[in-house]
Amino acid sequence: MRLKQMLAAAAFTVLGALAIGQTAMADGDAGTQDPGAAPYAEAMKGKRVVLIPMAMGFDLAQGWAAYLKHEVEGWGGTFETRDPNWDVNAMAQAITDIISGDQKPDVLVIHSPDLNSMTKLLKKAQAEGIYVVLIDNPMNFAADAFVGSNWYHLGQLEAEAAVKACEGKSKQIGLVQGDAANASSIYQYNGIKQVLDQHPDFKIVAEPFSNWDPTTSRNVTTTMLQQNPDICAIIDFWDGDATGASAAIKDAKLDGKVALVTTGGGETVDCKALEDGTFYAVVMTELAGQSRDMNAVIKFLLQSGQKPGTSKTYIYTLEKATTKADLKPTSCWDVKQLQAGQF
Amino acid sequence: MTVSLLARPRQGWLKKKMSRIFGNLSQETIVFLLAAALFIAASIGLNGFLQANNLIAIVRSVSVLGILAVGMGVVIIGRGIDLSAVAIMAMSVAWYLQMMQNGMSSNEALAYALGGVILIGFINGFMVAYADIPAIFATLASGYFVYGFARSQLVHQDATPVPAGHWIDQLGQIRLGEIPVEVFFFSAVAFIAFLFLRFTKWGRYVYLMGDNFLAARNMGIPVRPMTVLRYVISALIAFSAGVLTASSLHSINVRVVNSNLLYDVILVVVIGGIGLSGGRGGMRNVIVGALLIGIMQNAMTILDISNIYQNLIKSIILLVAIVVDSLLNPRDEQTAQQGDI
């Protein structure tokens with residue numbers, strides 16, 4: 001009895017193995033290759049990805065472009081960029097040209113200047129069968145995916161860093177906002193407010209706008225410090241213009257007394273500024289991870305088989321406030337190295 | 001024809017009315033009084049406005065604007081306009097810094113940058129004086145060219161840092177007493193331009209050409225070389241404004257070319273009372289205009305007025321200045337013949 005059962009089991013095993021072997025044989029590669037590889041290569045081959053940031057002239061855009069080019073060309077697609085150079089109209093023009101041209105791209109990666117202005121064009125792109133991935137700046141538009149910072153959370157992190165810097169000091173905080181239209185500025189402000197509301201002893205004494213311009217940032221910060229010499233921390237909404245705020249702090253001979261908190265791309269300039277005390281804390285974008293998220297979601301969309309505009313995914317980058325104390329040699333990335341192909 | 005027949009008595013009526021209200025005030029006086037009134041109101045109403053440091057900060061915040069306005073003033077007085085000034089300011093200095101970053105010595109890079117600046121001023125002047133292209137189009141195009149060419153071929157990113165310890169860096173740290181270098185720089189540039197316009201033969205030619213170009217040519221003034229000279233001066237002044245910007249921020253960001261700065265420069269010139277039709281005004285007007293803008297911006301920042309409203313308020317003041325200008329300096333037969341800039 002026992003022997004009979006064992007024989008039967010052995011027979012089944014052998015038969016089963018044969019059957020599996022035969023199906024694998026039918027696929028051609030006889031089990032030597034991963035079954036996903038062929039459909040993957042099929043779905044990705046020759047796909048065209050176009051990145052349109054607000055401008056190509058600043059660190060984050062150059063970083064994204066370098067990573068995406070590396071990855072996209074790595075999986076057999078083609079990668080292009082357009083440079084609207086901070087001009088909203090030029091950006092709209094570039095999108096229009098691309099989606100109405102002969103060679104339509106498969107994926108548009110868009111860094112929107114504000115919450116609304118590109119909505120109509122991007123809907124049109126989706127209707128043309130193009131996936132739209134928004135990066136960094138969210139919009140009131142359901143793109144196929146958003147990859148970037150949760151600016152509300154980012155503002156909270158900045159405010160927490162500022163609160164920490166103010167321990168035992170005046171509890172007066174000044175803000176240098178970006179502008180009144182950009183999602184990154186609006187949500188960042190709301191996040192900061194939320195944290196400071198939990199600390200009723202803290203007070204925002206001034207909240208001027210820089211329009212992302214360092215000279216304006218410098219002038220408004222000079223006035224702010226003039227009016228409120230007891231300020232213990234200033235949050236400037238972008239490292240691109242925070243150089244102006246830091247110059248104003250130095251001029252007022254308040255360096256070391258006023259903590260400057262900002263956010264940025266995490267390029268080496270950020271680490272240098274933390275090192276020499278220009279910035280007290282920077283909430284940095286983890287560029288490599290963020291770019292890889294973009295690449296992953298692009299790969300997913302291209303294989304998903306779903307029509308553009310039928311789903312939405314939000315992928316927020318992990319953010320953290322970096323101060324001089326937790327600087328590491330790997331905290332920042334170098335745009336020159338990336339462009340030279342060293343990843 | 002009917003339009004001008006209708007317009008003429010009406011203009012006369014308005015002018016009479018204006019002169020009844022303002023007496024024989026020039027626009028410069030009106031703007032000066034306006035600035036003084038704002039100053040007094042801010043001193044009373046705003047805490048900390050009247051502190052010495054805040055007053056220094058006001059002059060300092062308009063120094064780059066003021067220097068650019070000096071260059072623009074010289075061009076406009078001679079009847080013209082230079083819309084490429086901000087592009088020259090940012091791109092020349094960014095190129096200078098970029099060349100040093102690429103490993104060139106500071107002096108060699110400076111020679112190239114200055115050479116480029118003079119060349120662009122020369123091309124502007126040549127287009128206006130010899131090719132008879134209206135200044136507004138010639139310099140608009142050359143400004144775009146300077147930005148586009150430099151940004152695509154010469155400068156690799158928006159923000160170019162000043163190397164630590166470089167003379168531009170040290171320039172920004174100079175203080176005389178408590179007063180920062182920008183204030184002296186602005187005063188010096190305005191004073192030199194004043195001496196040039198008032199006491200040199202060529203300076204007087206600028207007024208004569210601005211007032212009546214044909215008469216100036218008939219009396220033997222070398223009008224074409226003089227026009228070229230004005231645009232070269234404007235370009236060089238723009239370069240100095242760029243150096244000053246870089247010295248105070250330790251870097252230069254070429255995004256400034258896309259900002260409102262150029263309009264602010266024209267605002268300062270026009271508001272100060274230098275008529276766009278040429279031949280009138282001087283450096284005093286530039287200083288008065290710059291101070292008004294400085295006081296206004298400072299007060300609006302202290303009051304925490306948002307950007308959108310700041311622009312609205314500025315634009316209303318510009319509109320008022322232009323209307324007052326056209327009423328006080330009405331278009332006459334002569335300006336009509338010469339056409340606009």
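Is B:His250 buried or exposed, and how many other C-beta atoms lie within 10 Å? The first legend below takes up this point; every panel shows a predicted model.

**Figure 1. Close-up of B:His250 in the loop between H12 and S4 of chain B.** B:His250 is buried, with 21 other C-beta atoms within 10 Å. The classification follows because a residue counts as buried when 20 or more other C-beta atoms lie within 10 Å of its own. Although B:His250 is not a glycine, its phi is positive, at about 60°.

**Figure 2. Close-up of A:Trp212 in the loop between S7 and H8 of chain A.** A:Trp212 has a positive phi of about 65° and is not a glycine. The residue is buried, and 22 other C-beta atoms are found within 10 Å of A:Trp212.

**Figure 3. Strand S1 of chain A and its parallel partners, S2(A) and S3(A).** Strand S1(A) spans residues 48-52, and four of these five residues are buried, so the strand is largely enclosed by the rest of the structure. Four bridges join S1(A) to strand S2(A), residues 78-81, in the parallel sense. Within this pairing, A:Val50 has A:Glu80 of S2(A) as its bridge partner. Strand S3(A), residues 107-110, likewise pairs with S1(A) in the parallel sense, over four bridges. Here A:Val49 is set opposite A:Val107 of S3(A). Together with helix H3(A), residues 59-74, strands S1(A) and S2(A) make a right-handed β-α-β unit.

**Figure 4. The open six-stranded sheet of chain A, with mixed pairing.** The strands follow the order S7-S6-S8-S9-S10-S12. Strand S7(A), residues 203-206, and strand S12(A), residues 320-323, stand at the edges; each has a single partner strand, so one side of each is left without a neighbour in the sheet. On average, and with direction ignored, neighbouring strands are turned by 30° against each other. Helix H8(A), residues 214-227, packs on the sheet and touches S6(A), residues 172-176, as well as S7(A) and S8(A), residues 233-236. The direction of H8(A) makes about 160° with that of S6(A).

**Figure 5. Pairing of S10 with the edge strand S12 in chain A.** Strand S10(A), residues 281-284, and S12(A) are joined by four bridges in the antiparallel sense. A:Val282 is placed opposite A:Thr322 of S12(A).

**Figure 6. Packing of helices H9 and H12 of chain B.** The axes of H9(B), residues 181-199, and H12(B) come within 11 Å and cross at roughly 175°. Angles over 145 degrees count as roughly antiparallel, and the two helices are therefore roughly antiparallel to each other. From H9(B), the contact involves B:Glu182, B:Phe185 and B:Val189, while H12(B) provides B:Ile237, B:Ser240, B:Leu244 and B:Ser248. By class, this contact comprises four nonpolar, two polar and one charged residues.

**Figure 7. The side of chain B that touches chain A.** In this interface, 26 residues of chain B are in contact with 26 residues of chain A. Elements that each supply at least two residues on the chain B side are helix H3 (52-61), helix H12 (223-249), strand S4 (251-253), helix H14 (283-302) and helix H15 (307-328). The largest share, four residues, is that of H3(B). Sorted by class, the chain B side holds six nonpolar, 17 polar and three charged residues.

Methods. Residues are numbered from 1 along each chain as its sequence is written. Chains are lettered from A and ligands numbered from 1 in the order in which they are written. This is a predicted model: local features need pLDDT of at least 70, side-chain atom pairs count only at pLDDT 80 or more; totals for chains, interfaces and linings use all residues. A residue is buried if 20 or more other C-beta atoms lie within 10 Å of its own, exposed if 12 or fewer, and partly exposed in between; C-beta atoms are placed from the backbone. Two strands pair if DSSP finds at least two bridges between them. A crossover is right-handed if, with the strands pointing away from the viewer, the path from the first strand over the helix to the second runs clockwise. Two residues are in contact if their C-beta atoms, placed from the backbone, lie within 7 Å. Ala, Val, Leu, Ile, Met, Phe, Trp, Tyr, Cys and Pro count as nonpolar, Asp, Glu, Lys and Arg as charged, and the others, Gly among them, as polar. Axes are lines fitted to C-alpha atoms, for helices over the stretch in contact, and angles run from 0 to 180 degrees between N-to-C directions. Angles under 35 degrees count as roughly parallel, over 145 as roughly antiparallel, 65 to 115 as roughly perpendicular and the rest as oblique.
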